[in-house]
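Open your viewer and get ready to click along. We will go from stop to stop, and at each one you will hear what to select and what is there.

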Amino acid sequence: MESKAVIKALGALAQPSRLQIFRALVVAGETGLTPSALSESLHVAANTLSFHLKELAHADLVTQERVGRNLIYRAQFDRMNQVLSYLTQNCCEGQACLTTVATECKC
């Protein structure tokens, strides 16, 4: 992964509401969440939520799928794992210091 893509992802997450939204989508897993469910559970106004979801999608951290009349947002686990891998790639000068659980999601 290129540093430019990592900076874009980290920049998108460097805002409290977007971080909260992304974490909620990670918890939801492959099922994902609708904007209304996110708005209700996180107490974020719909228009504000839409802006934040667009920023997360632009950074390739979330995907959007239309299912009937609903939009379903899901965390992009592959991208999340790539960012984590980039951040820990040369950790501890090659010595084992982190477990796989700390650096990768098997979702």
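Before selecting anything, learn one term: a residue is called buried if its relative accessible area is under 20%, exposed if it is over 50%, and partly exposed in between, using a 1.4 Å probe and protein chains only. This is a predicted model, in which local features need pLDDT of at least 70 and side-chain atom pairs count only at pLDDT 80 or more, while totals for chains, interfaces and linings use all residues. Residues are numbered from 1 along each chain as its sequence is written, and side-chain values use heavy atoms, with hydrogens and water left out.

**Stop 1: the whole chain**

Show the protein chain as a cartoon. You can find 6 helices and 2 strands, and from the N terminus on they come in the order α-α-α-α-β-β-α-α. Here helices (H or I, at least four residues) and strands (E, at least two) are DSSP runs, numbered from the N terminus. The chain has 107 residues, and 33% of them are buried.

Now switch on the surface. The accessible surface is about 7,000 Å², with 52% of it belonging to carbon and sulfur atoms; such areas come from the Shrake-Rupley method with a 1.4 Å probe, and for residues only the protein chains shown count as cover.

How much of the contacts with a separation of 6 or more comes from residues 24 or more positions apart? They account for 57% of those contacts, where a contact means heavy atoms within 4.5 Å.

**Stop 2: helix α4**

Select residues 46-58, which form helix α4. From the first C-alpha to the last, these 13 residues reach 18 Å, close to the 18 Å expected at 1.5 Å a residue. The expected span is 1.5 Å times one less than the number of residues.

Next, show the side chains of L49, H52, L53 and L56, the buried residues of α4. Because they cover an arc of only 100 degrees around the axis, they sit on the same side of α4. That arc is taken from the directions from the helix axis to the C-beta atoms.

Which elements do these buried residues pack against? Color α1 (3-13), α2 (16-28), α3 (35-42), β1 (62-67) and β2 (70-75), and you have the partners.

Turn the helix around to its other face. Away from the buried side you meet the exposed residues N47, K54 and H58. While you are in α4, click on A57 too: it is partly exposed, with a relative accessible area of 30%. The C-alpha atom of A57 is separated by 9.2 Å from that of Y73, 16 residues along the chain.

**Stop 3: the loops on either side of α4**

Select H43 in the loop between α3 and α4. H43 is not a glycine, yet its phi is positive, near 60 degrees. Is H43 buried or exposed? H43 is exposed, with a relative accessible area of 73%.

Then go to D60, in the loop between α4 and β1. D60 also has a positive phi of about 60 degrees although it is not a glycine, and its relative accessible area of 36% makes D60 partly exposed.

**Stop 4: the hairpin**

Select β1 and β2 together. They pair in the antiparallel sense over 6 bridges; two strands count as paired if DSSP finds at least two bridges between them. One bridge to look for links V67 with its partner N70 in β2. The hairpin has 2 residues between the strands, and G68 takes a positive phi near 65 degrees there.

**Stop 5: the salt bridges**

How many salt bridges does the structure hold? There are 2, each being a side-chain nitrogen of Lys or Arg within 4 Å of a carboxyl oxygen of Asp or Glu.

Display R74 and E65, whose closest N and O atoms are 2.6 Å apart. R74 is buried, with a relative accessible area of 17%, whereas E65 is partly exposed at 36%.

For the other bridge, select R79 and return to D60: their closest N and O atoms are 3.1 Å apart. R79 lies in helix α5 and D60 in the loop between α4 and β1, so the pair ties together parts that are 19 residues apart in sequence. Helix α5 covers residues 77-88, and R79 counts as buried at 17% relative accessibility.

To finish, show the surroundings of R79. Not counting residues up to four places away in sequence, R79 touches M1, A5, A59, D60 and L61.
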